[in-house]
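User: I'd like to go through this one by asking why things are labelled the way they are. Can you show me the structure and start with a strand pairing?

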Amino acid sequence: MKKISQVRKSLLFSCAVYFVCYTLIIILVYFAFAHLANQKMSESVFTIEDLFSYEEDLIQENYARIPAKNSKTSAIIIFDKNGRIQYASNQTISEKIFFQDLDMVEDYNSSSFFEVLQNAETDGSVAYTVYLNSYDGDDMIPTILDYCVLDEEYRIVEGGLFPDQEFLTQREFELLSGISGFNGTLVKHVYQNKDGEERTLVFLSTSISDKQYSRIVESVNMIWFVGILSVFLIIIVFAVLFFRRIKKRISPLNQTIASYQKGKAAEIDPSAVPSEFRETVCSFKNLVEELERTREEKETLYKEKQKLIVDISHDLKTPLTVIQGYAKALSERRVPAEKQDAYIESIFNKSTLAADMVNDLFMFTQMEHPNYQLHLEKTDFNEFVKSFFAEKYMEIAEDGFQISADMEDFPITLMLDRRLMRRLLENLLSNAIKYNNKGTTIYIAMKKRDSDAVMTIADDGVGIPEGIAQNLFRPFVTGNHARTTGKGTGLGLSIAQRIVQMHHGSMELVRPPHKPYHTEFCIRIPIQENE
């Protein structure tokens, strides 16, 4: 129960709850308005192509799921092989369409169709010729399959079409001619249901004017407009509620900090803040006690804190300002077409830099945590370094750099966290490539000296100015005094040194470097006898 209570007090839990609720509501709103829009469109315009999307329901005879009953422009009726009506979407079509009419209704899946021509005879009477035509292949010229000739009374006087009939009724003739009281078109579709029984579906589609269709589209668009507006309102409401919730949860901590800033002693109950902040609260209380004992140390820590905040803000502000400015220029279409790719590439590079900075900061703070655990494995350090630079060889060469290695031939076994040690090598290699010119040689040497594994990583590039070298391992120090090159995050060497220290080793910048090096790092990691 205690763990459950702690989870409920977690800020992450609150965020997750708000996120889940927000997501569910957005999904429900979307599907609700999508259903309304689809229902509106289905009620207004339902074609036979739409009907075939419910083919499985037709086969399973789940007629209630077919939205044709809601349509104002179409209707369906389904007969079995004996002419009994299995389903009719409305009463009107069941009263106007009969099983006997099916021979005169065109088959949707067939290329055949009827054509009726009127002929004036010499005696002044009228005759009709009914053709059964078909389109074969890609030829758009119809082929006559059969025909018959009707007199004025629709008696069949010639031809093989309708061999079992002597005459056509007025209704049959109108169906063949496309003349009916339906104000639309009729097509049929023959299929088998789930039990293999034959069914004949007749689809009636009435005509719709352009003006009517425009009104339908406007109605659907209005539904989506209301839906989008609803989503925006939900976002605003949730943002306000979430802000108030978070502000209320961390207000005790803020109040305590504010009181201390004013010189007033204040106590805070760790259980009154989110669980993620409890360790921070305890640390803050210990810090306050320590600062109260010595004013001078308080001032020193305060300045360091301020500097860290300024450094983070400054380093993040530069790429984010570029991203914001370039994105705004692109959104306002103020960038010439020939420069758009350059702007987009710059946005990508700056966002990558900002992401790297956040990732480095996260890793740096993780490793500073006293409870951070190493995942140690017995590793041949010599072979590990060889494998790393062998993997990076092509990348180094493509960047225009050279590599020179001087490695021992025998194993140097250490207990290492492989992931962190790989990060150490990547940071050192990345710095060497970032801050040197092409053609620079990167040197790697591995030696066993006494009870230490000693690795040297150096280069003959531009070197490191003395002013920077003195503070090189401090966070947010880069190879540029103005901190505006955008080449690095300023945490790489701090992370590298911390990794070495966590392995009980030491890392130093050799001053002056040995020739022919211009920059030289020496890393020592003790070899424990039990390894």
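Analyst: Sure. In this predicted model, methionine 446 has methionine 455 of β14 as its bridge partner. Helix α11 (residues 381–398) packs on the sheet there, touching β11, β13, β14 and β16 (519–526). The direction of α11 makes about 175 degrees with that of β13.

User: What makes β13 and β14 a pair?

Analyst: The cut-off is at least two bridges between the strands. Strand β13 (residues 441–449) and strand β14 (residues 452–459) have eight bridges, in the antiparallel sense, so they count as paired.

User: And how do you know that β16 belongs with β14 and β15?

Analyst: Same kind of check. β14 and β16 are antiparallel over eight bridges, with arginine 524 in β16 as the bridge partner of valine 454. Four bridges join β15 to β16, again antiparallel, and one example is glutamate 508 with its partner cysteine 522. Two bridges would be enough, so both count as pairs.

User: What is the strand order in that sheet?

Analyst: The order is β11-β13-β14-β16-β15, an open sheet of five strands with mixed pairing.

User: Why are β11 and β15 called edge strands?

Analyst: β11 (402–406) and β15 (506–509) each have a single partner strand, so one side of each has no neighbour in the sheet. As for the twist, it averages 15 degrees from one strand to the next.

User: Why is β16 described as mostly covered?

Analyst: A residue is buried if its relative accessible area is under 20%. Six of the eight residues of β16 are buried, so "mostly covered" is a fair label by that cut-off.

User: Let's move to the other sheet. Which strands make it up, and which ones are at the edges?

Analyst: The order is β4-β5-β6-β7, four strands in an open, antiparallel sheet. β4 (112–120) and β7 are at the edges: each has a single partner strand, so one side of each is left without a neighbour. The twist in this sheet averages 25 degrees from one strand to the next.

User: How do you know that β6 and β7 are paired?

Analyst: Strand β6 (residues 143–150) and strand β7 (residues 156–159) share three bridges in the antiparallel sense. The requirement is at least two, so the pair qualifies. Leucine 150 has isoleucine 156 of β7 as its bridge partner, while cysteine 148 stands opposite glycine 159.

User: What is there in the hairpin between β6 and β7?

Analyst: Five residues lie between the strands, and tyrosine 154 takes a positive phi near 65 degrees. There's also a helix over this sheet: α6 (residues 170–177) lies across β4, β5 (126–134) and β6, running at about 110 degrees to β4.

User: On to helix packing. What is the handedness of the crossing of α12 and α14?

Analyst: The crossing is left-handed. Which residues touch? From α12 they are Leu420, Met421, Arg423, Leu424, Asn427, Leu428 and Asn431, and from α14 Gly492, Leu493, Ile495, Ala496, Ile499, Val500 and Met502. By type, the contact has 10 nonpolar residues, three polar and one charged. Helix α12 (residues 418–434) and helix α14 (residues 492–502) pack at about 145 degrees, with their axes 9 Å apart.

User: Why is serine 430 called partly exposed?

Analyst: The middle class begins where buried ends, at 20%, and stops at 50%. Serine 430 has 26% relative accessibility, so it counts as partly exposed. Serine 430 is found in helix α12. From serine 430 to glycine 492 is 8.7 Å, C-alpha to C-alpha, with their positions 62 residues apart in sequence.

User: What about threonine 318: why does it get that label?

Analyst: Its relative accessible area is 27%, so threonine 318 is partly exposed too. Threonine 318 sits in helix α9 (residues 295–331). The C-alpha atoms of threonine 318 and leucine 353 are 10.0 Å apart, and the two are 35 residues apart along the chain.

User: And for the whole chain, what share counts as buried?

Analyst: 36% of the 531 residues do. The chain has 14 helices and 16 strands, and its accessible surface is about 32,300 Å², 54% of it from carbon and sulfur atoms.

Note on methods:
Residues are numbered from 1 along each chain as its sequence is written. This is a predicted model: local features need pLDDT of at least 70, side-chain atom pairs count only at pLDDT 80 or more; totals for chains, interfaces and linings use all residues. Side-chain values use heavy atoms; hydrogens and water are left out. Axes are lines fitted to C-alpha atoms, for helices over the stretch in contact, and angles run from 0 to 180 degrees between N-to-C directions. Helices (H or I, at least four residues) and strands (E, at least two) are DSSP runs, numbered from the N terminus. A crossing is left-handed if the near helix is turned anticlockwise from the far one by less than a right angle, and right-handed if clockwise. Contact means heavy atoms within 4.5 Å. Ala, Val, Leu, Ile, Met, Phe, Trp, Tyr, Cys and Pro count as nonpolar, Asp, Glu, Lys and Arg as charged, and the others, Gly among them, as polar. Buried means under 20% relative accessible area, exposed over 50%, partly exposed in between (1.4 Å probe, protein chains only). Accessible areas come from the Shrake-Rupley method with a 1.4 Å probe; for residues, only the protein chains shown count as cover.
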